[in-house]
Amino acid sequence: MSDPLVLIPARLAAMRLPNKPLADIAGEPMIVHVWRRAMEAGIGPVAVATDAPEIAEAVVKAGGQAVMTRADHASGSDRIFEAVEKLDPEGRHDVIVNVQGDLPTVDPRAIAASITPLSDPQVDLATLVAVIGREEEKTNPNVVKMVGSHISPGRFRALYFTRATAPYGDGPLYHHIGLYAYRRRALQRFVGLQPSPLELREKLEQLRALEAGMRIDAVVVDDVPLGVDTPHDLERARDMIAARRTA
């Protein structure tokens with residue numbers, strides 16, 4: 001693999017937490033915290049892909065790189081594909097890592113781990129999962145589960161993703177973390193596909209890749225990073241980052 005390119009899609013439009021990427025956490029916008037975590041992963045250059053000049057300005061002010069994209073993208077995957085074509089038209093980077101812009105506490109080691117399955121040429125996409133420890137999360141449809149075939153310690157081939165409680169029977173359940181590492185050609189193929197029937201039914205974009213016959217492998221990490229979607233989540237993120245700085 002050539003050096004991966006890490007892209008963080010970010011936009012201001014958020015139903016439950018308006019202007020979310022610019023929300024202050026310990027004196028810096030949330031998007032800057034995500035950019036810092038991605039930089040700390042140390043796997044390649046990092047850029048924020050956005051349609052908002054305010055987000056781009058915040059990232060550049062912190063010393064980062066931002067690329068402006070169209071405002072009409074249907075998903076973060078579409079946004080990062082436009083960004084990679086702008087940033088790397090020569091195709092030097094053949095691995096693209098998509099880190100969500102609302103994960104200010106994500107472990108840089110988890111970002112780095114996401115690319116490891118792509119050393120296998122049969123793998124199109126890689127992602128992350130963590131063991132579900134809380135009983136109530138096993139039946140929570142907002143906690144997406146990965147059903148996979150065990151390949152090696154800490155590694156699965158994903159067979160399905162679902163909001164249901166699956167698989168049935170004894171054994172651990174795995175919480176899917178929406179961070180992806182794509183082969184560049186796989187990303188190009190993915191954004192060219194129409195939404196698939198199971199994707200629309202489960203409201204899970206990654207099922208489009210599986211239904212198209214693309215292989216997704218998953219790496220097990222220690223815990224699920226906090227995704228900031230509500231004011232309560234934002235307060236939790238502030239507390240977590242403040243605790244780290246005083247530890």
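**Note on helix α1 and the salt bridges**

1. Glu82 and Lys86 form a salt bridge in this predicted model, and their closest N and O atoms lie 3.2 Å apart. Both residues belong to helix α3, where they are four residues apart, or about one turn of the helix. The two partners may be set side by side in terms of accessibility: Glu82 counts as buried because its relative accessibility is 14%, whereas Lys86, at 49%, counts as partly exposed.

2. A second pair that involves helix α3 is the salt bridge between Arg79 and Asp51, for which the closest N and O atoms are 3.9 Å apart. This pair links distant parts of the chain, since Arg79 sits in helix α3 (residues 76-87) while Asp51 sits in the loop between β4 (46-50) and α2 (53-61), 28 residues apart. Arg79 is buried, with a relative accessible area of 3%, and Asp51 is partly exposed, with a relative accessible area of 23%.

3. Helix α1 covers residues 30-41, and its length can be checked against expectation: at 1.5 Å a residue, its twelve residues should span 16 Å, and the C-alpha atoms at its two ends are 17 Å apart, which agrees. Gly42 follows α1 and has a positive phi, near 65 degrees.

4. As to the surroundings of α1, nine of its twelve residues are buried, and the helix is therefore largely enclosed by the rest of the structure. The buried residues are Met30, Ile31, Val32, His33, Val34, Trp35, Arg37, Ala38 and Ala41, a list in which both His33 and Arg37 appear.

5. Arg36 forms a salt bridge with Glu28, with the closest N and O atoms 2.5 Å apart. Arg36 counts as partly exposed because its relative accessibility is 26%, while Glu28, with a relative accessible area of 19%, is buried; the cut-off for buried is under 20%, and the assignment of Glu28 rests on that cut-off because its value is 19%.

6. Beyond these individual pairs, Glu85, Asp88, Glu90, Arg92 and Arg184 are linked in a network of salt bridges. Over the whole structure, a search finds 21 salt bridges. As general background, side chains of opposite charge can pair when their charged atoms come close.

Conventions. Residues numbered from 1 in each chain as written. Predicted model: local features only at pLDDT ≥ 70, side-chain atom pairs only at ≥ 80, totals over all residues. Heavy atoms only, no water. Expected span 1.5 Å × (residues − 1). Buried < 20%, exposed > 50% of the residue type's maximum accessible area, 1.4 Å probe, protein only. Salt bridge = Lys/Arg side-chain N within 4 Å of Asp/Glu carboxyl O.
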